[in-house]
Amino acid sequence: MNIVSFLVVVFLLVAMFYINTKWVNARTKKFIDELRRSLSLHKEHEVLLKLEKAGLNEELSQKIIESKGNVLAKKMIEAVTATVGSSPALKYLKPITNSIPIATQPFQRDSFFKNGPVKLYLWDSFKDLILKAIPDLVPAFQGNLRSTQLSKNMYDSEILTELGHPKPFSLLEFTAILSHLLMKQPEGEEGKLLVNGYATIFYVELEDGRVVGVDVHWADDAREWYLRAYGLVGVFWDGGIRVFSRS
């Protein structure tokens, strides 16, 4: 074999290796992409069956596929999110309970905060920001709560960001929820509110639109519940506290 023939053979071998490598890489990439799918094939099949039962047909499917910029598919996701909500992935907040049903009856403000069965210590900030704005009659509330717990020290801004900036409780909602939970733990019993020295936090929207945090804390030595309201700037919470938000 002369030098020219040898170089031709080497060139062909290199070309074949390159082509095969590209093909393998493409196959490997496709396989990896399949592994990275956000939905399993079984889950996709279940979703498709639900859509077909709801009226998805060949014509509508083709329109979704051909939709420029995937607009129609995005609108479907937006509609679902608007209906059931979207729960962001939690990184530093540990889920405790995703749905705590709360149902209350109307009650008089003073029957709970002044002459109630639960011993309370109200900080001045709570009196000024919360108590003064509560009407004489607190209406009934019905809804679901979500509780999470900090796994590291965090600012309120970080907590709210990780929760997806949930809508804060209104003043009346918070008052009804607070009384309901405290009535179940009047003497510091175990329950939804922490009684281990750590605080339980609620985010409340005031009548002027400001959002404040409310720290609910069981003081074991005094055998009473401390209630404190605070601004959301600069407060750094220890890991271990609990946060309530809308479910």
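A residue counts as exposed when its relative accessible area is over 50%, as buried when that value is under 20%, and as partly exposed in between. Keep those cut-offs in mind as we walk through this structure, which is a predicted model. D208 makes a handy first example: with a relative accessible area of 51%, D208 is exposed because it passes the 50% mark. Its salt-bridge partner is R210, and the two side chains meet at 2.8 Å, N to O. R210, at 46%, is partly exposed.

Let's step back for the overall picture. The protein has 247 residues, and buried residues make up 32% of them. Its secondary structure comes to eight helices and twelve strands. Among contacts with a separation of 6 or more, 75% are between residues 24 or more positions apart. On the outside, the protein exposes about 16000 Å², with carbon and sulfur atoms supplying 58% of that area.

Now to the interior. In soluble globular proteins, nonpolar side chains tend to be buried together. Here, the largest nonpolar core holds 36 residues, and F126, I130 and F202 touch the most other members. Several elements each supply at least two residues of this core, including β1 (93-103), α5 (109-113), β8 (200-205) and β9 (211-219). Helix α8 (171-183) is also on that list, and α8 gives the largest share, seven residues.

F126 is a good residue to click on. Setting aside neighbours within four places in sequence, F126 is in contact with F113, L131, F174, L178, V214, L227, R228 and A229. A second, separate core of 14 residues includes L93, I159, A199 and Y230. F126 also belongs to an aromatic cluster, together with F107, F112 and F113.

That brings us to the aromatic rings, which form ten pairs in the structure. One of them joins Y121 and Y226, a tilted pair with 5.0 Å centre to centre and 45° between the planes. Y121 lies in strand β3 and Y226 in strand β10, so this pair ties together parts that are 105 residues apart in sequence. Y121 counts as partly exposed, at 41% relative accessibility, and Y226 is partly exposed as well, at 25%. Y230 and W237 make another pair: the ring centres are 5.5 Å apart and the planes stand at 65°, so the pair is edge-to-face. Both Y230 and W237 are buried.

Next, the charged side chains. A search of the whole structure finds seven salt bridges, one of which is the D208 and R210 bridge from the opening. R109 and D110 form another, at 3.1 Å, N to O, and these two residues are linked with D136 in a network of salt bridges. R109 counts as buried because its relative accessibility is 16%, whereas D110, at 29%, counts as partly exposed. D128 forms a salt bridge with K132, the closest N and O atoms being 3.4 Å apart. D128 is partly exposed at 47% relative accessibility, while K132 is exposed at 65%.

Finally, have a look at the surface. V47, L51 and M76 form a nonpolar patch there, with about 210 Å² of accessible area together. V47 is found in helix α2 (residues 41-53), and V47 counts as partly exposed because its relative accessibility is 38%.

Methods: Residues numbered from 1 in each chain as written. Predicted model: local features only at pLDDT ≥ 70, side-chain atom pairs only at ≥ 80, totals over all residues. Heavy atoms only, no water. Core = buried A, V, L, I, M, F, W, Y, C linked by side-chain atoms within 4.5 Å. Buried < 20%, exposed > 50% of the residue type's maximum accessible area, 1.4 Å probe, protein only. Helix = DSSP H or I, 4+ residues; strand = E, 2+ residues; numbered from the N terminus. Contact = heavy atoms within 4.5 Å. Areas by Shrake-Rupley, 256 points an atom, 1.4 Å probe, with all protein chains shown as cover. Patch = residues over 30% accessible without salt bridge, like charges linked within 9 Å, V, L, I, M, F, W, Y side chains within 5 Å. Salt bridge = Lys/Arg side-chain N within 4 Å of Asp/Glu carboxyl O. Phe/Tyr/Trp six-rings, centres within 6.5 Å; stacked < 30°, edge-to-face > 60°.
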